[in-house]
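I opened this notebook to keep a record of what I looked up in one structure, entry by entry. What can be read from its helices, its salt bridges and its backbone angles?

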Amino acid sequence: FARMFVQVCLYFYCKCLWRCLKFVVRKLTGQCELQRICYNTKPGAARTMKIEASLKGSKSKRLQTSVNVHPDAIEKTIDDIMELKKINRDINPQLGVSLQACLLQIVGYRNLIAEVEKLRREPYDSENPQHEEMLLKLWKCLKPNSPLKARISKQWCEIGFQGDDPKTDFRGMGLLGLYNLVYFAEWDTEIAQQVLTDSLHPKYREVTKKELSQLSKAEWEKKKFDKAIGYSFAIVGINITDLAYNLLVSGALKTHFYNVAPEAPTLTHFQQTFCYLMHEFHKFWIDEDPLDIMEFNRVREKFYKRILRQLQNPEMALCPHFAASESLINM
C-alpha cells in the first residue's frame, strides 16, 4: 500500500505539480525551460542531456518527436520549436544555434546506434572479397614481419583467435568486431602491437606484502609459477566490442559522445572509444592479476562497472581530445 501511495504521489507530482512549477518559473523569468537550459548550462553532455529530457518529457507531441527527426530536417524542427514556444529568433539568435547543436548530437547518437547494429548483425562471409581483405589487413598490421602462410592456418592463434579460421570467432559481434580490431591495428598500430605482445607475454607484477598476507597457501603456490596471466588478443577485442556496444545501446556513452563530438557522433567516434577501452582493459587486467583465464568474466564485469561509474559524471570524456593514438601514447 505504501509503495502504491508513493507511486500515486510521484505520478501526481510529475503530471501536475511539475508542470505548474515550470509555468510559474516561466512567468517569473520570462524564459521557457529550453531557454533556461541553453543559457544556464555550458555546452556538452550536461546541456544536451537536459535538452533531450525536456523535449521527450514535453506534453507537446511535436516536441517529443523532434528528437527522432532526420538530420536534414533539424533546421525546420528548430523553427517549429521556436514558433511553438513563441520565441523571437531575432531576439534570441544564440538559442537556435544551441538547440541545433544539441539536436545534431541527439539525432546523431540514434543514427550511430542503427549503424553499429547493422554491422553487428552482418555475419562474416569468407566468400566476400571485402571481408577477406579486411581480415588479411588485420594480420598485416599486427604481424608485419611474419607473412601469413595460408588463409586457414594455426598462425591465427598468434594474434588471439581460437582456431585456424577466424571467421567462426566473429559470430557474436559480426562485422563490428572485425571493423574495430582492424581500426585499432591500423590507426593505433604501435599500441595495438604492444598490447598484443603483452597479452602473449604479460609482464610480471610484484606481489605486495599486504596481498601476500591475503592469499591462501594454494593461491600463492599457483602465483609463484604464474604471476602474470595472458589472454587471447582477438577474442578479447571482440569481447570489448560487445562491451562498447552495450554501453552505446544503453545510452551510457551519451555522456562521452556529447562531450567529444561537437555535432553528430559517428562510427569513427565509436571506434576511437573502442581503442581507448582496449588499452584501459589491458592495464586493468594486469593490475587485477587474475589467477587464471577463467577469471576473465569477473575482471570484465568489474571493468564494465568502473567505466559505467565514470560515465555517470556529465563532464566525463573517456578520451578527451578524441585521438586515441595521441592520448594512449602519452599515458
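The entries below go from the whole chain to single residues.

**Entry 1: the chain as a whole.** I noted before anything else that this is a predicted model. I then looked up the secondary structure, which comes to 16 helices and 0 strands. Of the 331 residues in the protein chain, 44% are buried, and the chain exposes about 18200 Å², of which carbon and sulfur atoms supply 56%. I also looked up how contacts spread along the sequence: among those between residues at least 6 apart, 68% join residues at least 24 apart.

**Entry 2: helix 8.** I checked the span of this helix and found that its 14 residues reach 21 Å from the first C-alpha to the last, close to the 20 Å expected at 1.5 Å a residue. Is helix 8 enclosed or open to the outside? I recorded that 11 of its 14 residues are buried, so helix 8 is largely enclosed by the rest of the structure. The buried residues include Gly174, Leu178, Asn180, Tyr183 and Phe184. As to what covers these buried residues, I listed helix 6, helix 7, helix 9 (189-200), helix 12 (233-250) and helix 14 among the elements involved.

**Entry 3: salt bridges, beginning in helix 6.** The count for the model comes to 17 salt bridges, and I followed a few of them. Arg120 pairs with Glu117, with 2.8 Å between the closest N and O atoms. Both belong to helix 6 (residues 93-121), and because they are 3 residues apart there, about one helical turn separates them. Glu117 has a relative accessible area of 17% and is buried.

**Entry 4: Arg151 and Glu132.** The salt bridge between Arg151 and Glu132 has its closest N and O atoms 2.7 Å apart. This pair links distant parts of the chain, since Arg151 sits in the loop between helix 7 (129-142) and helix 8 (174-187) while Glu132 is in helix 7, 19 residues apart. I compared the accessibility classes of the two partners: Arg151 is partly exposed at 22%, whereas Glu132 counts as buried at 15%. Leaving aside residues up to four places away in sequence, Glu132 touches Tyr124, Ser126 and Arg151.

**Entry 5: Glu288 and its network.** I looked up the salt bridge of Glu288 with Lys302, in which the closest N and O atoms are 3.1 Å apart. It, too, links distant parts of the chain, with Glu288 in helix 14 (residues 267-288) and Lys302 in helix 15 (residues 296-311), 14 residues apart. Which residues are joined with this pair by salt bridges that share partners? I found one network made of Glu288, Glu295, Arg298 and Lys302. Lys302 is partly exposed, with a relative accessible area of 42%.

**Entry 6: positive phi angles.** I closed with two residues that are not glycines and yet have a positive phi: Lys86, at about 55°, and Asp289, near 50°. Lys86 is found in the loop between helix 5 (74-84) and helix 6, and Asp289 in the loop between helix 14 and helix 15. Their surroundings I noted separately: Lys86 counts as exposed at 74% relative accessibility, while Asp289 counts as buried at 8%.

Technical notes:
Residues numbered from 1 in each chain as written. Predicted model: local features only at pLDDT ≥ 70, side-chain atom pairs only at ≥ 80, totals over all residues. Heavy atoms only, no water. Salt bridge = Lys/Arg side-chain N within 4 Å of Asp/Glu carboxyl O. Helix = DSSP H or I, 4+ residues; strand = E, 2+ residues; numbered from the N terminus. Buried < 20%, exposed > 50% of the residue type's maximum accessible area, 1.4 Å probe, protein only. Contact = heavy atoms within 4.5 Å. Areas by Shrake-Rupley, 256 points an atom, 1.4 Å probe, with all protein chains shown as cover. Expected span 1.5 Å × (residues − 1).
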